[in-house]
Amino acid sequence: MSNMGSGSEDSYHEATGHVEEAIRKQLAETEGHQRQSSPDRGRLGEDQAAVRVNVRGRGIYIAGDAIGSALGDYSQVHNEFVIQSPPEVRWPMQIGAVPPLASAFQERPALRKQIDAAPSEGTFRTLVLVGEGGVGKTQLAASYARRAETELVLWVIASDVSQVVTDYARAAQLVDAPGVRYQDVEDDARAFLEWLAATDRTWLIVLDNVDDPAALTSWWPVGRSDRGWVLATTRRRDAQGAGRRRIKIDLYTTDEARTYLTQRLKAEKAQHLADNQCDAMAEALGYLPLALGHAAAYLVNEGVTASRYLRLLLSSERRLDELLPADADVDGYGRTVTTALLLNLHAADQRCPHSGLARYMLQICALLDPAGHPEVLWTTKALHQYLGNQLRKDTSNRLDTLLPSALRPQGAKKKKPQRPRRQHPRQIEAQFVWNDRLSPDEQKELEKKIRTHFTQSGLPQTNPFRDAVARAMQAAPVKVEQQEVRDTLRILHRFSLLTHVESDSYRSVYIHTLTARTIRETFPAEYNEAYAVADAVQQAWAGDTNDSQFARAMEDSTVILMRHCGPMLCRPDVHPLLWRAGNSIGGSGKIRATWEFFARLLPIVTASLGPDHGDTLTTRNHMASWQGRSGDAAGAAQAFADLLSDQQRIGIGHRDTLITRSNIAQWRGRAGDLLGATESCGETLVDAEQILGHDDQTTVLIRQNLTTLRMLAGLTDSSAQTFADILSSQQRRLPPNHPETLIVRLNLASARAQEGDHAGAAEALAKLLPLFEHARGPHHPETFVVRVNLAEARGKLQGAASAVEAFTEILIDVERVLGPDHPETLVLRSKLADARGEAGDHAGAAQAYAKLLTHKEQVLGHDHSSTLITHNNLADWLGQSGDAAGAAEALTKLCPRLEQAFGINHHFTLSSLDSLAHWRREAGDASGAAEALTELFRRMGASRGLQELQELLVPWVERKGPESELQELLYRWLEQQGEDGPEA
């Protein structure tokens, strides 16, 4: 600016003028003092001109005659004071230590775009970068400071307002701002702000790490929009105000994390340590830039591959501060990752309604799903009681420390314990009860302890203060109110220790995964805490059973809770939340995940309770059941057989062993041995009727299983009547709208439909639907089953086109409520595809089955029984759409997989072999068709003359003779083999 030079000269003359005036004043005071103390000493003489004060260049010259001097009267004294002039201001200027950019610094273009797009024209820019510790706020600000094209860059560590004022004052002096007097720091700091507001020079002020935005209220710079701007960083989400715009600094994206690790390791010539695990390592570290920096340094320093590091991180073999140590801070951040993550905890705790409340609530969050849990969890009685008990416990512990000094006689030494002196109650009250360090709750607790001391010391029972203490004891214990809990959530949110999003009712509270781990390692969970959290999840879950998104949030939090506190939740018994969560996961369609859940739970329960404990056996029962549902029917049957053996060895009651026997039969049948399973289940039913009675609930359940097995085996002649008998028995002991009764009525309708009575099934299902909607709710999976079965029955009566329309409408609701992976969703998609084919759209059916097959392979796996059946149906519709060769090729590949999954004689395997023969025949492969039919006949019992049979079948296949001709051919061949042979 043009006025800077003159301004500097004016400041100098102003300064020398002040000095000259001060010296003259001091001389006058000295002369007056000398005249009063000694009229004859120190006179300057009558000629006042003997004292001369002159300004010479850049100094002040003082001279005069001294009277009474040790050198003699009227000796001359000369003093010259040199005033150092301010250095010449040189532009551009950087004030403050701007941090260096980290190794492999990421530009983060998306964030830069937000910052650069912030309003500038006509509006002064103050941008506040907000984010939790370690996300790279300071690094991003440093990149702007280092690349700024402004004439002034000021970097201020803004964690303390006094440091901000000091840096402003120093900057004022360096830029030679008008009004700087070098006397008062705040005055000089304000002079700097005034200079910023008026100057024509361009500038950037960076306020790094603003801990208390309110304290800086009067110290935020403001200037002309075309000259300067302010960039601040903070963890405080409430750092906002007039003219300040917040920009959220989030974690690295997957691409940014991968690029950072790749560049960092390449710079260290250690690319081989990545071993294609950069993405997995970044995900495990929560994409936190600071953690990734420390982890990369650890890999280089220790020579550890990313795979090995990932195993250490996930297995919890080492603490987080060991895997992200201080010596890995090669970029000079100044704090360990664990310290950075919890830096604001103490400050947040000080603002809470109760001391310690923030910490305890953060500990609870650390035991739940980091991706979020619903806020309703914080309204539960279990958490409120736990928090109150912990606060009361903290109070008691603190008072146990304070009480000895409160009751210690004056002058007593700590190392010599003695009986407390009988102090006057008023002394105790004045000195300790109303101590400012204690909260009201702590004061009451201390009063309680003092009352005990009174009793032990024999103080009068009628003492007035004792009566006051007694009244104080009647006060309620520490009680945590719902509003206090919510206020604490908001405080933790403002300090970036967790995130609270009120608009998300399912995952409104979430926490970074490394913050959660740091909390767990700093404050290890205890039994009472783990059980209280489990109780809270169960209480919150009790009131909402049909909301699938809510259930997913509860399931995820339970899985995390079990991972961190599993053994604590298995004493003295298994917490029922664990079983409920596991079964709920399976109900959502994640069959394999449910089996894995119980597989992880079983060793925890066994180690905690022993192999023969009832809860251990119950867990094995759940695990075996979900093993079968995951597609391993044979494995499930064996698991139940092993369970039965242990139950019989221990002497478990008949009811449990009968249920296990029924389960063995159920999975044995699904594994392919339908006849053997039906026979075994029949024997179990006979035993149940003899031991428990005909109408016992367990007996009825076994009877239903037997009827289902008979239906699978094609023995449907009496299924409807059996379910009718079961319904009659149920209605005698249960209300007509009881859930168990409704299920039996649903099974009865299904049996009628399978026997061909579609009209009767449709009528029964139409009556059932409103009952299920009332009892279970319109969005319950069982209600959807009723709707689907009703649409299917009506489709048989009204035509396949009506079924397509109804299935399409239901599918929209099912996918929205239950999700695309739920078993009912997959079943409905299969029925819709079949209905399209039956309505004449064979190609549409094949296309729908192709999409369904891909989805099932992803969700259930390639070898799941449901996936294999879908593959078979796809082949059939391919053939019916005109692609006989494609159908034959698909079945050729499928049949060996069916044999491996179900066995060579399972009806699914035999049916597919029959289809293979059919589509080979349609495709013109006479030899292949004859070969398939011959193999089918061999498996059905024939063992002799199969080569001759195949030779007989080839001409028939080539001529594509009718099925009746094939039947005659087979009869003649059997006669040739002999009526007494096994083939007959």
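These are my notebook entries on what I looked up in a predicted model of one protein chain.

**Ground rules.** The model is predicted, so I noted that local features need pLDDT of at least 70 and side-chain atom pairs count only at pLDDT 80 or more, whereas totals for chains, interfaces and linings use all residues. Residues are numbered from 1 along each chain as its sequence is written, and side-chain values use heavy atoms, with hydrogens and water left out.

**Overall counts.** I counted secondary structure before anything else: the protein chain has 41 helices and 11 strands. Helices (H or I, at least four residues) and strands (E, at least two) are DSSP runs, numbered from the N terminus. I then looked up burial, and 48% of the 984 residues count as buried. Buried is under 20% relative accessible area, exposed is over 50%, and partly exposed is in between (1.4 Å probe, protein chains only). The accessible surface of the chain is about 47,100 Å², and carbon and sulfur atoms hold 49% of that. These areas come from the Shrake-Rupley method with a 1.4 Å probe; for residues, only the protein chains shown count as cover. For contacts (heavy atoms within 4.5 Å), I took those with a separation of 6 or more, and 66% of them join residues 24 or more positions apart.

**Nonpolar cores.** I looked up the cores next. A nonpolar core is a set of buried Ala, Val, Leu, Ile, Met, Phe, Trp, Tyr and Cys residues joined through side-chain atoms within 4.5 Å. The largest one has 80 residues, and L362, W378 and L387 touch the most other members. Helix α20 (residues 527-542) gives this core its largest share, 9 residues. A second, separate core has 56 residues, including I115, I249, L310 and V337. I followed L387 further: beyond four places in sequence, L387 is in contact with L357, Y360, M361, I364, V480 and V485.

**Helix α3.** I asked how much of α3 (residues 137-147) is enclosed. Of its 11 residues 8 are buried, so this helix is largely enclosed by the rest of the structure. The buried ones are K137, Q139, L140, A141, A142, S143, Y144 and A145. They pack against α2 (109-116) and the strands β5 (125-130), β6 (152-157), β7 (203-208) and β8 (228-234).

**S307.** This residue is in helix α9 (residues 306-315). S307 is buried, at a relative accessible area of 18%. Beyond four places in sequence, S307 touches D275 and Q277. The side chains of S307 and D275 share a polar contact of 2.7 Å. I take a polar contact as a pair of N or O atoms within 3.5 Å; within protein, one must be able to donate a hydrogen and the other to accept it, and residues adjacent in sequence count only if both atoms are side-chain atoms. I also checked A280, which is 27 residues from S307 in sequence and 8.7 Å away, C-alpha to C-alpha.

**R517.** I found R517 in helix α19 (residues 513-522). R517 is buried, with a relative accessible area of 9%. A polar atom of its side chain lies 2.9 Å from the backbone oxygen of R318. Its contacts beyond four places in sequence are L313, S316, R318, R319, L320 and L323.

**R552.** This arginine is in helix α21 (residues 548-565). R552 is buried, at 18% relative accessible area. Its side chain makes a polar contact of 2.7 Å with the side chain of E555. Beyond four places in sequence, R552 touches R507, S584, S588 and K590.
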